[in-house]
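Hi,

Here is the structure I said I would pass on to you. Have a look at it first, and then read my notes underneath.

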Amino acid sequence: MRYEAPETLDAAVGLLAGESGQARVLAGGTDVLVQIHTDRADPDLIVDIKKITELRDIADEDGAWRFGAAVTGKEMMDNAAFNAAWPGVMDGVRLIGSVQVRGRATVGGNLCNASPAADSVPPMIAARAIATVIGPDGRREVPVEDIVTGPGKTSLGKGEFVVSFQLPKRPPNSGDAYLRFTPRTEMDIAVVGCAVNLTLDDAGTCTDARVALGAVAARALVVDDAAKALIGTKVDDAAMEALAAAASAACSPIDDKRGTIEYRTEVAGVLAQRAAAIALERAKS
Amino acid sequence: MAESIPGYIGQSVPRREDRHLLLGEGAFVADMQLPGMLHVAIARSQFPHATIKGIDLAAARAAEGVELAISGADIHGVLPPISGMQVTTPQGWRDRVDTDILIPDQPLIPHDKMRFVGEPYALVVAESRYLAEDAVELIEADFDPLPPVAGPDAALADGAALLHDVLGRNIAAILHTTKGDGAKALDTAPHRLKRRFNHHRYAAMPMECRGVVADYDARRDILTVWSSSQVVHWVRREVANALDMPEERVICIAPDVGGGFGVKGHCYPEDILVAYLAKRLGRPVKWIEDRHEHLLNAAHSRDIAFDFEIGFDDDGRILVVDTDFVVDSGAYSPVGAGIAGNSVAHMLGPYDIPNYECTCTVALTNRVPNAPYRGAGRPEAVFAMERAVDLVANALGLDPAEVRLRNMIPPEAMPYEVGLTYRDGVPMVYDSGDYPKALRAALEELGGLEAFRARQKQALAEGRYIGLGLGCYVEGTGVGPFEGASVKIDPSGKIMVATGACAQGQGHETVFAQMAADMWKVPIDDVYVTVGDTSQVTQGYGTIASRSTVTASGAIKGASDRIQEKVFAIGAELLEAAENDLELRDGGIGVRGVPELHRTYREIAKAAKPGWDHQRPEGTEAGLEAVSYYEPPTVTWAYASGAAIVEIDPETGRVTIERLVEVHDAGVLVNPAMADGQVKGGLVQGLGGGLFEELAYDDFGQLTTGSLMDYLLPTASDVPPITVLHQEVPSPLNAFGVKGLGEGGAIAPPVVIANAVCDALRPFGAELNSTPVRWGDVAAFFGDDPFEISEPSPA
Amino acid sequence: MAKQHVTTTVNGDAVELLCDPTQTLLDVLRDELDMKGTKEGCGTGDCGACSVVLDDVLVCSCLVLGVEANGKSVETIEGMAEGEDLHPLQRKFIDHIALQCGICTPGLLIASKALLEENPDPTESEIRYWLAGNLCRCTGYHKIIEAVQDAAAEMRGN
Amino acid sequence: MKPAPFVHVAPGSLAEVVALLAEHAPDARPLAGGQSLVPVMNFRLSRPSVLIDLNRVPELAYIRDDGTHLTVGAMTRQRTLENSDLVRKAAPLLHAATLNIGHLPIRSRGTIGGSLSNADPAAEDPAVVLALDCVMVLHGPSGERRVAAADFFEGVLATATGPDELLVAIEVPKAPANSGSAFVEIARRHGDFALAGVAAQVTLSGDGPVSVQLAACGVGPGPVRLSGAEAEILDHGLSEAAIRAAARIAAAEVDPDTDLHATAAYRRRLTAAMTRRALLQAVENAKAPS
Amino acid sequence: MTDFRPVTLTVNGRPHTGSAESRTLLADFLRDGLGLTGTHVGCEHGVCGACTVMVDGEAVRSCLMFAVQADGAEIGTIEGLAKGGEMHPLQKLFSEHHALQCGFCTPGMLMTAMDLVHSNPDRTPQEFRDGMSAALCRCTGYEGIVNAVIEYAAMVKAEAADG
């Protein structure tokens, strides 16, 4: 195995395009290295992208935040302004692994590892995050929900990788939240995760909403019906009931030791309600 | 199945040691590789005698790969010296022999002065031996040379420089012993003869030099020391003492050891230093003595000068021996007065001599310390005595063989009280043997005395010079104080044996397996033997002084006997028989005469185990294991007659040995083929000492034989046809009738050769009273011209 | 395959070594530098026994390639005590019997030290959440939490 | 006993060797068989900073029949000489002497050039080339230089070879018809350096000597040509009396030292004895039908 | 001043690569570098013969050769004598003749004997005795060693005769 740590995007793209054998991008490495240790991956080339500045920045471009795909969870947690702007996204980031893991793990890696249960993905989807992807054919912009196509699968072409994420400028009275359900409080994989991002008008009526679910399908889902259930309401009990129903209806989970189909479906609704409640609080405050 | 298990004692069973050694799978200390291992190189004095003014280690410490560099000053007060009194002498000996013993301590690295060329003054620990030796060259040492004490005469002279100020003299010991009335016997003796005999300095020179690896496990607080040693328990004791650790927390192991012959028979400073370094640095440390170091630093031996007077009558009966001799002990005396004590005790040999007066002085000189080497004081004494016997024969015109036979103790006089005391404190009693028979057998093997004399006459007429030489000796073997052994019956039924004996090629694992197999009536492959590992037996003494077969077998038997009491009790229970109806047989115990009533040791071990499902009779303790320490009553006496025929080339003085014969008695031979190998190996070392090997010093105290290019070991081409005949007169002193034989072979050859050469040079009245026998000296008897043999001078 | 030259700092000492790209930082510490204090418990970042601090960030050394340590500084358990003087956390672990078999202890000590540097006065639940990445099978954590709290108090100077 | 640091260079051609010698002399040592050099390096008694390994220079290892003489490349191994029929026939003295050198494993590596360049007073080869009036071919920056064996040896471990020169070949005159030779030595043990050794070649016409060549080793600062003894034989023939007289003269014309292994007087005695034996054996070989 | 360089050689038919300083003795390279400790070091000045190995088919002292000189060479050591755990005939003869005690000199003895016999099995008994004087033994007095070698030579000759 060869290890390269390019300092420019072009160099990285060149290396990845040039490799005839299997190449893997190394961000935080908390998934790639585990796969290598457990022989689920045996790359000929490892391209460490952490030395490329554009992948390490977090910037507030007058209200629209952009952060590099290789920014670690810890670095995001240390950024107070971003935490204030996108508390729901940070709900997801904070749930990635342990302190040790967050010291290395990145949102880009969490996304591209393409686990249906990745905790930072639903809130990013709910936040309408756009990923900038670079590759042999240059740059393109892709909504986060379109990156993952299934367990371990992404829409990225050969030699492509995510450079950064943009989050849209938020109107006032917006709030987002992410909740997951796990047996253990920490260090666990979501049985169900749900993110809600909403905006209220001055009267407290929900003018915009976006709901995303994790771990209930082959990839994180955007649930438009759930959003519709909230828009135009004061997010009252009736809206919450509709929200739960829509969320549960959207589930097509697997049956496994963590939870049965019925259970996951049930929990999805409950979590949607609770996440919406938190988002509502945050929008009001 | 009874006949399927032969008796092993007395059988030449193949050595179990051979296979791994032949395959190159031997595990010698130098072969050890431990992760993170550091290597030691030692800076050694080039001055025989000097005061240390200063030692600057700065450059060495800064050198590549160096972990540590220390001099004597760094450990002064930290590590105690090796006590001069580490070898104790029993009260019984001191009561009967006048002794004045003051053995100096030996510092591990002196901080004040150097006492011999080769003594350490500093050491370097580095990542490799190469780097360590590089750094040693960077040590700047400042010495103030002192006048070297270049030999015993210088040591004992008035106003001689003192090696050890604390002693106030250059004497480590003075021993004096008497039998009868020597002075009176000399005055009244019809004939007196006085000579100075000198046995020169040479050494064991095993093919493997010494070496030590140590590794300290801080977690378990266990310090393991692998040393190429004959005495692992001794090394453990000194290391534990120096580092203030419980002996149980120091494990000393002698893995495969490439020969010892005595030079590895005591604890050396390096054993302790390497152990200390490993503990201090927390990394494994290795020191392998290179050959130059071995010659300059490992113990030398022999080196005794005898002023010798003998009184005898017209029949050649020896009436008295009066000798005053000096041992050149070198700068220290690691094994005390042991060599001197041996010379004193063995002087009279196989002869019945009524009067004896002996004073011995152990002198300290600026030479490498003198310690026992195969024979240890015996070859020296035997050289003096056996040369003297030949001179008595010459003086009376008798055949040397005849004079010997007239003086030898007859078999009917056994056991024979010598009238002296052995160094174990017990009055000397030759326990068994037939000395005249051994001598006659040797002569017979050479074709008979008369036949040889005729041949010799004939040869002389043709201008050829052949001679026959004899050398007879006795050897106290199997000396105490003790040996330890642990025996266990494994749940598998196998017999596990461990002893304090250490093997250096003698084949202990095979010999002890043979003896244990017979004690237990098991196939030899069911006996597992461990030697040279202090973790396997709590107390042990080690393999020196021709003692292991005698002492270790005693300990193995002691432990086995104790276990067998239980085996019989349990056997009686299982077989529902009376104990005295039982016998050990077929790898277990059974009822006499009833083949089907039998239990294997595996079954006995199962019955003996602790726990609720045991099958022990009431009051029988669980487990089948015992440790025993055998303390021999005293030594058992091996002996031999050596004989050789030589031919001398008058032109060159070259001595060619036509044949060498030794008739040897080591009692019952456990493994005849291996016993034969021990004696033959010893004989060739004796030949080396008699003809080739020499550790020579110049007048400035410098060793002039610092390599194997100058120190001449005998090679295959130098070895004549050798015959060893074994007389097996059992010793009454132990259960197996065995006597020791490790050293014996090396004792006789120097004097056998000297006597044979003198016999060949009889026409010239030649006397060679010093070893080695030098061709140049031999040639000189023929006159200056190699082609014209000058008239024999009147003898 | 070609080894790569790595220059790093371990517990303040400059270290240079040749490193195989497949070796993790954990492998390098234990096998190349013979620093066996850092333990391997799972190799997948789940147990925290291999915790070290890499450029002030607490990480699992089994999830870092040795080559990634190039130019960085590493802190391991071996650097925690000052000669014979134990770190307060080490003393308190002893006082509170916060270890039994001891294999998780180096990781827990390193993680706790990182915690107290970021948060000198953590609550019990902050400690519990922070240490969630370090598994211990013997103690049940209770005494570990006590030890960390006690050490924190001492380090705060009260 | 590990050698001090040095740099090992293994050139492939004589030209490179000479260039390297010029570049590094006097701190460089050529490494031939190494059977004498490496031991003293292990004792750190010799510590060249550069070791120029001659073992990969093919053009230095050969035995060539040049009609009147054999030309032997300096890197020809003693074991090769021992096994060479050409040498046995054309230079029997060299062959006989080679069998006395060390032991087989030593001769596997040891070279004639190394032995001659080392110039150990007790070594066999120097006595042989001296007795046979061989020509030593030296190579240096200024090209080739030919030195008579008599002028080559300059005392203990010293030769006429300059620091930037290399002994590249030895021209060994072929043994004439009706000649016989012998090398006899006495050493304390088989394979040791000789206490005294004598190389002899005698050429007869009828029973009389037409030429006698004698040289001794181990009994002087270098090999010693026994010219006095040679003259005695040429003057008085090969009677036992004359041979003994020659042997006594030989004993007188050598210049031995006393050391641990033998006194000077004894070495003289041995010289006489070896001279006589060498002459007798050489004559016997000369008369033997070849 | 460390000038380590790669050394590639064949030992007992197997290719090995290691790195050695110019000054690394072949004996040390085999023992410490390749872990082949069957070759022993007894004097480091070419006298005792314990370190004797085969280099390109001939017995040599591995303490008098530098590892870098053996680059590209075929080395034979004691470890290569037995085949598949089956002792070489010479090894068996050494055991039968009690030709070893401590065993330290044995590897060098065996390699010396292999060269002596195979380079010329027709040597006389005295020539074999003299030939074996190339290696020192301190235990046995040589009798068993010389007899084992002579018997082995006879065996080799017999096999040659059988074709």
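Start with strands 6 and 8 of chain D: strand 6 covers residues 135-140, strand 8 covers residues 166-173, and five bridges join the two in an antiparallel arrangement. If you want a pair of residues to click on, take Leu138(D), whose bridge partner in strand 8 is Leu167(D). Keep in mind throughout that this is a predicted model.

Those two strands belong to an open sheet of five strands in chain D, with the order 4-5-8-6-7 and antiparallel pairing. At the edges stand strand 4 (63-65) and strand 7 (143-148) of chain D; each has a single partner strand, so one side of each is left without a neighbour in the sheet. From one strand to the next, the twist averages 25°. Lying across strand 6 and strand 8 of chain D you will find helix 1 (residues 14-24) of chain D, which runs at about 125° to strand 8.

Chain D also has an open sheet of three strands, in the order 1-3-2, and here the pairing is parallel. Its edge strands are strand 1 and strand 2 (28-31) of chain D, each pairing on one side only. Neighbouring strands in this sheet are turned by 25° against each other on average, ignoring direction. Three bridges hold the parallel pairing of strand 1 and strand 3 of chain D. One pair to look up there is Val7(D) with its bridge partner in strand 3, Val50(D). Helix 1 of chain D turns up again here: it packs on this sheet, touching strand 1, strand 2 and strand 3, and its direction makes about 170° with that of strand 3. In case a reminder helps, strands of a sheet pair through backbone hydrogen bonds, either parallel or antiparallel.

Now for how the chains meet. What does chain D put into its contact with chain E? Chain D gives 31 residues and chain E gives 32 residues. Between them they bury about 2600 Å², with carbon and sulfur atoms giving 56% of it. There are four salt bridges across this interface. One of them is between the side chains of Arg79(D) and Asp115(E), at 2.6 Å from N to O. The count of residue pairs in polar contact between chain D and chain E is 13. On the chain D side, at least two residues each come from strand 1 (7-9), helix 2 (37-42), strand 3 (50-53) and helix 6 (104-109). So you have already met strand 1 and strand 3 as members of the parallel sheet. Helix 6 of chain D gives the most to that side, with five residues. Sorted by class, the side of chain D that touches chain E has 15 nonpolar, nine polar and seven charged residues.

Which chains share the most contacts? Of the four pairs of chains in contact, that is chains B and E. Their contact takes 51 residues from chain B and 47 residues from chain E, and the area buried between the two is about 4000 Å², of which 56% comes from carbon and sulfur atoms. Within chain B, the residues that lose the most area to chain E are Leu22(B), Tyr130(B) and Met207(B), together 21% of what that side buries.

The polar side of the B and E interface is worth a look too. Four salt bridges are found across it, among them the one that Arg138(E) forms with Glu693(B), where the closest N and O atoms are 2.6 Å apart. The interface also has 26 residue pairs in polar contact. Three elements of chain B give two or more residues to the side touching chain E, namely helix 1 (18-22), helix 5 (129-136) and helix 19 (672-691). Helix 19 of chain B gives the most, with eight residues. By class, this side of chain B has 27 nonpolar, 13 polar and eleven charged residues.

Finally, two pairs that do not touch. Chain A and chain B have no contact, and their closest C-alpha atoms lie 26 Å apart. Chain A and chain D have no contact either, with their closest C-alpha atoms 34 Å apart.

Have fun exploring!

Definitions and conventions:
Residues numbered from 1 in each chain as written. Chains lettered and ligands numbered in written order. Predicted model: local features only at pLDDT ≥ 70, side-chain atom pairs only at ≥ 80, totals over all residues. Heavy atoms only, no water. Contact = heavy atoms within 4.5 Å. Buried area = accessible area lost by both parts, 1.4 Å probe. Polar contact = N/O pair within 3.5 Å; in protein donor to acceptor, adjacent residues only side chain to side chain. Helix = DSSP H or I, 4+ residues; strand = E, 2+ residues; numbered from the N terminus. Nonpolar A, V, L, I, M, F, W, Y, C, P; charged D, E, K, R; others polar. Pairing = 2+ DSSP bridges. Axes fitted to C-alpha atoms, helices over the stretch in contact; angles between N-to-C directions.
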